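I opened my notebook to get to know a new structure, one small question at a time. Here is what I looked up, in the order I went.

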Amino acid sequence: MGDTGHSSRDAGEAAFQWIRLTGFEREEPCRRRERKDIRKVRALKHFYKNCFIPALEQTVFQENRYYQHHQEQLIELFLSSFRQLCNRLYVRQQEGRIGAISIIEYSLQPSPSTVELFGYRVVAYGEQGYEDTEPYTENYNTAWLYQFVPELMTNLNEQRKAYKGKILGGDVENMMRGELVLFHQFAAQLIRSAIPRAISEPQYAALAKTESFNIRLGREGKGRKTIYIKHDFFDFGG
């Protein structure tokens, strides 16, 4: 994550997406409205390049530094949550409320909250896999991922005032949501690092699991990728 070139490429792609979303290519019957929209697009592009990207890169740098300094502590927190997850699933198995576990899936979930823009949902599926109509669901606490985001949003909302109403608070929030992948990479790396220790926990061993049991990780709306299938680990780029 120290590679700012990668974040810059992602940011550039998001910038083009934003130009499309703001209606640059949309036909407007009213020329006055058309001129207004073009001014909006130009303002968004200028704000994105000169305000949003520098502030975002600083926030990602802060997050990377925090992650590097606290990685072991964060892994321990993940392992604690994983043990609790396994315990809850074990109780449900003993009560006959869920069968052998086939999939445990961690997925990034956008949030409507402007304070916590994203979180992670954990879903455990029974023997039917994705056909399971009543999988077990809980949240994985990733508050550490967005601890620097409120300061970033405050800074950006202050800077947007210089654009005299052309940049709205919702514009800033949507720009931020478009960059969630940058933060997801920290959680993905953490979970991949923790899984070898997680599957050695006695709480995990006590669970009834299918022969095809696997652990998956990804983002909502994207193809989740398998990182573990019974004794086999898989690596992927995010």
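**Entry 1: the aromatic rings.** I started with the cluster that ring pairs make out of F78, F82, Y106, Y120, Y140, Y204, F213 and Y228. I kept in mind that this is a predicted model. When I looked up how many aromatic pairs there are, the count came to 14. The pair of Y106 and Y140 is edge-to-face, with 5.9 Å from centre to centre and 85° between the planes. This pair links distant parts of the chain, since Y106 is in strand β1 (residues 101–110) and Y140 in strand β3, 34 residues apart. I checked both residues for burial, and Y106 and Y140 are both buried.

Next I turned to F213 and Y228, which form another edge-to-face pair, at 6.5 Å centre to centre and 65° between the planes. What does this pair tie together? F213 belongs to strand β4 (residues 209–219) and Y228 to strand β5 (residues 225–229), so the pair joins parts that lie 15 residues apart in sequence. F213 and Y228 are buried as well.

I made one more stop in the cluster, at Y204, which is among its members. The charged end of K209 sits over the ring of Y204, 4.1 Å from the ring's centre.

**Entry 2: strand β1 and its partners.** Is β1 mostly covered or mostly open? I found it mostly covered, with nine of its 10 residues buried. On one hand, β1 pairs with β4 in the parallel sense, over seven bridges. On the other, β1 is joined to β2 by eight bridges, and these two strands run antiparallel. I noted one residue match for each pairing. E105 has R216 in β4 as its bridge partner, while I103 stands opposite Y125 in β2.

**Entry 3: Y130.** Those four residues came up again when I looked at Y130, which lies in the loop between β2 (118–125) and β3. Leaving out neighbours within four places in sequence, Y130 is in contact with I103, E105, Y125 and R216. With which side chains does Y130 make a polar contact? The side chain of Y130 meets the side chain of E105 at 2.4 Å, and it meets the side chain of R216 at 2.9 Å. So Y130 makes side-chain polar contacts with E105 and R216, the two residues that are bridge partners.

I also looked at the spacing of Y130 and S102: they are 28 residues apart along the chain, and their C-alpha atoms are separated by 9.0 Å. Is Y130 buried or exposed? Neither word fits, because its relative accessibility of 42% makes Y130 partly exposed.

**Entry 4: T142.** Moving along the chain, I found T142 in the loop between β3 (136–140) and α3 (149–159). T142 counts as buried because its relative accessibility is 1%. Setting aside residues up to four places away in sequence, T142 touches G119 and Y120. Y120 was already in my notes as one of the cluster residues.

**Entry 5: the two sides of α3.** Which residues of α3 are buried? I listed V149, L152, M153 and L156. They lie on the same side of α3, because they cover an arc of only 95° around the axis. On the other side of α3 I found E151, T154 and E158, which are exposed.

**Entry 6: two exposed loop residues.** K164 lies in the loop between α3 and α4 (169–177). Its phi caught my eye: K164 is not a glycine, yet its phi is positive, near 50°. I wrote down the general rule beside it, that most residues other than glycine have a negative phi. K164 counts as exposed because its relative accessible area is 74%.

My last stop was S200, in the loop between α5 (180–198) and α6 (202–205). S200 is exposed too, because its relative accessible area is 56%. What lies 2.7 Å from a polar atom of the side chain of S200? I found the backbone oxygen of R197 there.

Methods: Residues are numbered from 1 along each chain as its sequence is written. This is a predicted model: local features need pLDDT of at least 70, side-chain atom pairs count only at pLDDT 80 or more; totals for chains, interfaces and linings use all residues. Side-chain values use heavy atoms; hydrogens and water are left out. Buried means under 20% relative accessible area, exposed over 50%, partly exposed in between (1.4 Å probe, protein chains only). Contact means heavy atoms within 4.5 Å. The arc is that of the directions from the helix axis to the C-beta atoms. A polar contact is a pair of N or O atoms within 3.5 Å; within protein, one must be able to donate a hydrogen and the other to accept it, and residues adjacent in sequence count only if both atoms are side-chain atoms. Rings of Phe, Tyr and Trp (its six-membered ring) pair if their centres lie within 6.5 Å; planes under 30 degrees apart count as stacked, over 60 as edge-to-face and the rest as tilted. A charge sits over a ring if NZ of Lys or CZ of Arg is within 6 Å of the ring centre and within 35 degrees of the ring normal. Two strands pair if DSSP finds at least two bridges between them.
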